[in-house]
Amino acid sequence: MTKVLGVGIATLDIINELDHYPEEDSEQRAASQRVELGGNVANSLRVLRQFGHPCDFAGVLSSDPDGRRIADLMDRYGIDTRPARVSGSGHAPTSYITVNRATGSRTIVHYRDLPEYDLGAYMEIDPSQYDWLHFEARACDETAAMLAVTRSRLTDQPISLEVEKDRPELDQLWSFPDIIFLSAAFARGRGFDDPEAFLAQVREWAPQAILVLGWGAGGAWLSLPDGPVHHVPARPVDPVVDSIGAGDTLIAGFIHARSSGQGSLEALEFAARLAERKLGQPGFAGLGPADPAEDPRLLCRLEDLDEVDALGITPRDHASGGRGDELIVTRDGDRVCAWRNVCPHNGSPLSRDHHDFLESHEGVPRLRCNVHQAYFRLEDGLCIEGPCEGERLQPVEIEQVDNRIYLGRSSE
């Protein structure tokens, strides 16, 4: 797993869902209300935690009741706030969000009364302990200093930057990141209505960076240094239920896929599909296979698996609340099975990579032990070739409810 540091903002989101958007100077009853963790970086970290990545948050938290609630929500979602700075004065950033159920659109009124995270707080962190560092473009003088310090201290860890909106002194940030996530709102604010023309301009500002541009219903775009521009079209989402954090989900999906060994275009495909899943549901719960706030028996969703696939999963240990034995969840068409990730030859894992179990032989997929080159059938776990031929992988009972795959209760 990839240890990620997110530097940016965390908010308390108060979300009212309405049947239609209210007219000015009117009164309307909300159909529902929920209070959630929000903020661009915090949202991305929450999604990354659902894919098992350890995540730390570096930002400013307040000591007032709303600030403590933000910290409690981060703890619930498994985000470590020790790198954050706690301010003894000021009010926690709060977003009042109106979601229009008729369209899925959201309108945000944001209130903030806290200082920004600065270089002094960041200097107390050792960036080399992280595998990926992700920054939100805010307080750009301070962000530029943090990026420069990070670049001077790292070797090959990726540095990514989210640019959601224009800010003073923003243009000094372009030379530092390896990956820059851009929004359609920022592009339009700079006078561009064409994604490719905008990316061509940003390429002049940041020749070294991979550029990722979300364009809403227009899909997502990828520009590689000295390479082509790729477009991933959006798939229809009907109905659009909740667009809050769709861009943050796109970012998390890209970071997850790249850190799992996928190429940039594959990562963008995965990220776009994950963002579409977000649009079709309220909130972030259950977007990934290991949501700390979900039922701990949840292993994955059916759509996390290709038609023929095998995925390494580390479920939570139900007795201790920690991590349980590693499993392999396999899919072959309609058949979904789970096995302990233990080779019967000598007890070693078949693979420690979460996506490196399958090999096709004469058109037939099978599981492979990467240590001993033993091969197992998908349908029953029988070893058909290798040093443990005739032995079987240990099956694990699972339950499928709609599109979700749970650990069977007798396996707890």
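**Cavities, Strands and Helices: What Earns the Name?**

Modeller: β3 gives the most to the lining of the second largest cavity, with four residues. The model is a predicted one.

Biologist: Which elements supply at least two residues of that lining?

Modeller: β2 (11-18) and β3 (32-38) each do so. The lining includes Asp13 and Ile15, then Arg34, Glu36, Leu37 and Gly38. Among the others are Asn43, Asp242 and Phe284. About 50 Å³ of space lies inside.

Biologist: What makes a space like this a cavity and not a pocket?

Modeller: A 1.4 Å probe fits in a cavity but cannot get out, whereas a pocket is open. The structure holds four cavities of 30 Å³ or more.

Biologist: Why are four residues of the second lining called charged?

Modeller: Asp, Glu, Lys and Arg count as charged. Asp13, Arg34, Glu36 and Asp242 are in the lining, so they fit that class. The lining also has four nonpolar and three polar residues.

Biologist: How much space lies in the largest cavity, and what lines it?

Modeller: About 70 Å³ lies there. Its lining is Val7, Gly8, Glu116, Tyr117, Phe135, Glu136, Arg138, Ala139, Thr143 and Met146. β10 and α4 are the elements that give two or more residues. By class, five are nonpolar, two polar and three charged.

Biologist: Why does Gly8 count as polar there?

Modeller: Gly is not on the nonpolar or the charged list, and the others count as polar, so Gly8 goes with them.

Biologist: Let's turn to α4. How do you know what span to expect of this helix?

Modeller: The expected span is 1.5 Å times one less than the number of residues. Helix α4 (residues 140-153) has 14 residues, and 20 Å is expected. It reaches 20 Å from its first C-alpha to its last, close to that value.

Biologist: Which residues of α4 are buried, and what do they pack against?

Modeller: Cys140, Thr143, Ala144, Met146, Leu147, Val149 and Thr150 are buried. The buried residues pack against β1 (4-7), α3 (119-122), β10 (132-136) and β11 (159-163).

Biologist: Why is helix α1 called largely enclosed?

Modeller: Buried means under 20% relative accessible area. In α1 (residues 40-49), 10 of the 10 residues are buried, so the rest of the structure largely encloses the helix. Asn40, Arg46 and Arg49 are among them.

Biologist: What makes strand β12 covered on both faces?

Modeller: Ile179, Phe181 and Ser183 are buried on one side, and Ile180 and Leu182 on the other. That matches the count for residues 179-183: five of five are buried.

Biologist: How many bridges join β11 to β12, and what makes that a pair?

Modeller: Four bridges join them, and they run parallel. Two strands pair if there are at least two bridges between them, so β11 and β12 qualify. In β12, Val163 has Leu182 as its bridge partner.

Biologist: And which way do β12 and β13 pair? Parallel or antiparallel?

Modeller: They pair in the parallel sense, over five bridges. Ile180 has its bridge partner in β13, at Leu211.

Biologist: Back to strand β3, where Gln33 is found. Why is Gln33 called exposed?

Modeller: The cut-off for exposed is over 50%. Gln33 has 54% relative accessibility, so it counts as exposed. Gln33 still touches Ile14, Ile15 and Asn16, leaving out residues up to four places away in sequence.

Biologist: How far apart are Gln33 and Ala338?

Modeller: They are 305 residues apart in sequence. In space the distance is 38 Å, C-alpha to C-alpha.

How values were computed: Residues numbered from 1 in each chain as written. Predicted model: local features only at pLDDT ≥ 70, side-chain atom pairs only at ≥ 80, totals over all residues. Heavy atoms only, no water. Buried < 20%, exposed > 50% of the residue type's maximum accessible area, 1.4 Å probe, protein only. Contact = heavy atoms within 4.5 Å. 1 Å grid on protein atoms, 1.4 Å probe; cavity = no way out; pocket = protein on both sides within 12 Å on 5 of 7 lines; lining within 4 Å. Points joined across faces, edges and corners; volume = space filled by probe spheres on them.
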